[in-house]
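Reader: I am new to structural models and would like to learn how to read one. Could you take me through this one, feature by feature?

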Amino acid sequence: MIQTHILGFPRIGAQRELKTALEQHWRGELDVAGLEDVGRQLRQHHWQLQRDAGLGFLTVGDFAYYDHVANHIQLWGCEPARFGFAGHEPALARHFKMARGVDADATSGHAPCQGHATCTGTHALEMTKWFDTNYHYLVPEFAADTRFSLAPERLLGELAEAQAFGLPVKPVLIGPLTFLWLGKSKSAGFDRLDLLDSLLPLYADLLIRMAAAGVQWVQIDEPILGLDLPPAWTQAFEHAYQALRRVDVSLLLTTYFGGLGDHLGLACRLPVAGLHVDAIRAPGELANVLETLPLDRELSVGIVDGRNVWRTDLDAALGQLRTALERRGGRLWLAPSCSLLHVPFSLSDDTALDEELRRWVAGAREKLAELQCLKRALLKGDAAVASDLAEARAAIQSRRQSPRVHRPAVSARLAQLPAHADRRPSAFSRRQRLQRDRLKLPPLPTTTIGSFPQTASIRAARAALKRGTLATETYREAMQQEIAQAVAAQEQLGLDVLVHGEAERNDMVEYFGELLDGYAFSANGWVQSYGSRCVKPPLLFGDVQRPAPMTVAWAQHAQSLTKRPMKGMLTGPITMLQWSFVRDDQPRSITALQLALAVRDEVQDLEAAGIAIIQVDEPALREGLPLRQADWPPYLEWACRAFRVATSGVRDDTQVHTHMCYAEFNDILPAIASLDADVITIETSRSDMELLRGFGAFRYPNEIGPGVYDIHSPRVPDSDEMIRLLRKAAEVVPAERLWVNPDCGLKTRTWAEATAALQQMVQAAKQLRDELAQQATRERHVAPAL
Ligand SMILES: CN1c2c(nc(N)[nH]c2=O)NC[C@@H]1CNc1ccc(C(=O)N[C@@H](CCC(=O)N[C@@H](CCC(=O)N[C@@H](CCC(=O)O)C(=O)O)C(=O)O)C(=O)O)cc1
Ligand SMILES: N[C@@H](CCS)C(=O)O
Ligand SMILES: [Zn+2]
């Protein structure tokens, strides 16, 4: 018996219908019923596609209006008490409040944020990366007094919708251990694993209800089996799945994003009916799984890449699958390696890709067809799918041999790169002195992270340019005008280091992808990043080089409008790598170095154009870390070197900034320090500056701008809240090395929200500066007496 299935489907919709509906709803233009209609239509469409592709199951429970982890917070009834939800508040409204925070003037009756004595609003749940992807989930909050209660209505409702198709339906749940692992412990000395025993009965209860509804298989995701786990957590797996085996439903335990490593034996002996493994990230492990997994279990092989867009090499896949099939006595399930959430809906008709490139790639819809083809070939032989195989072979051959992929000049430049290309001329202490002399900034300098609101008119102008209804020159003038407004606004706010606002960029990665050789970009290859926000990762298919300067004219224009320093703004090589669909035919380290050289050229050109501060964003440095710690050192070595290659070609008095956000940085502090950026700005406010503690303990040597407010929430914090955070920061990092800035760029905010918050931020910095000056005066007066 050969089954095909998927672990999850992109929920945003072929034309980002969910995004449009969500944003209309939040603006008050679409009521709940209208939004739910859109959700229902999307689910129906996605199940139709699964049915048409002949999948063995329709997967249900992968849909979410904002986030699937937040769905589980609601499913298990553990919404944090700080939101103060009243019993009658609809689940969807609560979902959005957890995701977006609650503004102070809308909080009557709500508890103040934990630890925020002066704050009357309630901040959103923390958001962080879903494993090593660019998808952000909402972090569950657990405390010793967390209680669970089952709220299955949404999920059972969707189950019933799917069952109306008359096909087997497979609900998907995040497993209990992964759910607890992904959350954070909010009370001191408390271990969230202690909550397992109170959570398991709810899982059992839900499974019983699903079984009663006619469900035979439930997919239970435990991707943490691909991570290093403390022994107590691995032991808990046996206990948890023993408890769940009593329920009369078959569990398919799914692992993805990597190999099982030392958890392979555990995963194979857990009392579940089936196991899914990622044969794309860990192809070498399949043989071991085939040896170890008892034959009375189903094996699901993740054979189609759920994280990248390159067309599957069907011959190679069939080779692996036939071996597996033989070992499994003719029983096998075929699937993508992970949920298809991480790839675009479809690329086969994309209007921006040329014909050759369209043949090289596969979006989610095309991946369903690949599964169907693999299944037919296994069941009926290659001849049954001869034309599909021939087409796939030709495409793979054409990609392998294309002169568009290989550029001898790029490899030659890499080979000749001097060993010291990744070192600044002098140590930080000397650079700091020279930069202070040149820039003459006040203590606690204020700045922003780069982007200002991407307004509807900016987007409309760019859309018109792409359609060809707006002339290039008119577009350029319009963007220059936006930049001028951003500069004027920053001067009025009294910010010290300005940015041009990134109006001309569709996205911080796609913009550069469009300007670099070796990249292609799609018209509609959207992937959800969080909530309604999507990105369109460009396709890095060949050797990368920079044909011409990419940002210099914009930066020069911006600098010409002000006497204050204007930061040049670039995206670093690792973030370009991580947030692109990257080639799989050479090591990522080589591609990173190619990108680094392109960025280096731009950094040097910005310096030559008189830009004194250059920021090279690397928010994805942490996300690129291999999931297993043993694999970290080589990655960090080449990734940090790539950053240094990109940034080291400048004079000592040019100040290099970097920026990172939405990840756990404390465990890679030595690597972050090794980047040797003069200033790092990082997102810290959602974790209430917890993150910065590590920087203090590690004695991070250079300057730091800890984010003093969360930019993802429409809520405008007041200066007292920021002062409190800055004081907290000054406890661990000397004030003379601190900068003041938001958590991240402001592109998702409105101008009203951005200026209101920045006003508070500038005021907070001024107040603390005055206090520092008074303190210095007091110390001067006391000094002679000492
Ligand atoms: C910092 N972050 C980023 C990540 N990854 C990236 N690749 N880029 C990032 O900035 N990962 C971590 C975080 C995630 N954060 C965000 C924040 C914001 C967004 C976001 O706002 N995305 C936009 C899409 C941005 C974009 O590409 N815009 C284009 C196209 C705009 C568009 O939709 N146009 C319409 C027509 C409009 C009109 O006619 O008026 C259309 O094409 O249909 C552009 O500006 O040109 C979003 O809206 O989701 C993402 C991640
Ligand atoms: N410069 C970018 C960084 C985002 S991580 C921005 O401000 O949007
Ligand atoms: Zn950021």
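Author: What follows is a conversation that begins with confidence and domains and then turns to single residues and ligands.

Reader: How much confidence does the predictor place in the protein as an average pLDDT?

Author: This is a predicted model, and the place to begin is therefore the predictor's confidence in each residue, given from 0 to 100. Here the protein averages a pLDDT of 94, and 97% of the residues score at least 70. Over residues 106-119, however, the pLDDT is below 50, although this stretch has 26 contacts in the model beyond near neighbours in sequence. For the complex, the predictor gives an ipTM of 0.98 and a pTM of 0.94.

Reader: Into which domains is the protein divided?

Author: A domain may be assembled from separate pieces of the chain, as the bounds show here: domain 1 takes in 2-15, 46-80 and 125-400, while domain 2 takes in 429-506, 548-568 and 594-776. The C-alpha centres of domain 1 and domain 2 lie 37 Å apart.

Reader: How many residues of each domain are in contact with the other?

Author: In this model 14 residues of domain 1 are in contact with 11 residues of domain 2. On the side of domain 1 that touches domain 2, strand 3 (residues 127-129) gives the most, with 3 residues. Sorted by class, that side of domain 1 has 4 nonpolar, 6 polar and 4 charged residues.

Reader: Which residues does UniProt list under "binding site"?

Author: An annotation of this kind comes from a record, and it may be inferred rather than shown by experiment. The UniProt entry, which is unreviewed, lists Ile 449, Gly 450, Ser 451, Glu 502 and Asp 617 for "binding site". These residues are spread over 169 residues of sequence, yet they cluster in space, with a largest C-alpha distance of 12.9 Å.

Reader: Is Ser 451 buried or exposed, and why?

Author: The way to decide is to count neighbours, since a residue is buried if 20 or more other C-beta atoms lie within 10 Å of its own. Ser 451 has 24 other C-beta atoms within 10 Å and is therefore buried. This serine is found in the loop between helix 16 (428-439) and helix 17 (456-467). Not counting residues up to four places away in sequence, Ser 451 touches Gly 501, Glu 502, Gly 745, Leu 746 and Lys 747, and Glu 502 is itself one of the residues in the UniProt list.

Reader: Where is Asp 617 placed, and what is in contact with it?

Author: Asp 617 has its place in strand 19 (residues 613-617). It counts as buried because 25 other C-beta atoms lie within 10 Å. Leaving aside neighbours within four places in sequence, the residues in contact with Asp 617 are Met 508, Thr 571, Gly 572, Thr 575, Thr 658 and His 659.

Reader: What is notable about the phi of Glu 502?

Author: Most residues other than glycine have a negative phi. Glu 502, although not a glycine, has a positive phi of about 60°. Glu 502 is found in the loop between helix 18 (472-493) and helix 19 (510-515), and it is buried because 26 other C-beta atoms lie within 10 Å. Arg 16 also has a positive phi, near 55°, and lies in the loop between strand 1 (2-4) and helix 1 (17-26). With 18 other C-beta atoms within 10 Å, however, Arg 16 is partly exposed.

Reader: Which residues come nearest to ligand 1, and which surround ligand 2?

Author: To read a ligand site, one can list the residues around it and then ask which elements and classes they belong to. Of the 22 residues around ligand 1, Ala 460, Ala 463, Asn 506, Ser 529 and Val 535 come nearest. Helix 17 and strand 15 (533-535) are the elements that give two or more residues to this shell, and helix 17 provides the largest share, 5 residues. By class, the shell around ligand 1 divides into 10 nonpolar, 5 polar and 7 charged residues. Around ligand 2 the surrounding residues include Ile 449, Gly 450, Ser 451 and Asp 617, which also appear in the UniProt list. Met 508, His 659, Cys 661 and Cys 744 are among the others around ligand 2, and its shell has 6 nonpolar, 4 polar and 2 charged residues.

Technical notes. Residues are numbered from 1 along each chain as its sequence is written. Chains are lettered from A and ligands numbered from 1 in the order in which they are written. This is a predicted model: local features need pLDDT of at least 70, side-chain atom pairs count only at pLDDT 80 or more; totals for chains, interfaces and linings use all residues. Helices (H or I, at least four residues) and strands (E, at least two) are DSSP runs, numbered from the N terminus. A residue is buried if 20 or more other C-beta atoms lie within 10 Å of its own, exposed if 12 or fewer, and partly exposed in between; C-beta atoms are placed from the backbone. Two residues are in contact if their C-beta atoms, placed from the backbone, lie within 7 Å. A residue is near a molecule or strand if its C-beta atom, placed from the backbone, lies within 6 Å of it. Ala, Val, Leu, Ile, Met, Phe, Trp, Tyr, Cys and Pro count as nonpolar, Asp, Glu, Lys and Arg as charged, and the others, Gly among them, as polar. Domain bounds come from an automatic or database domain assignment.
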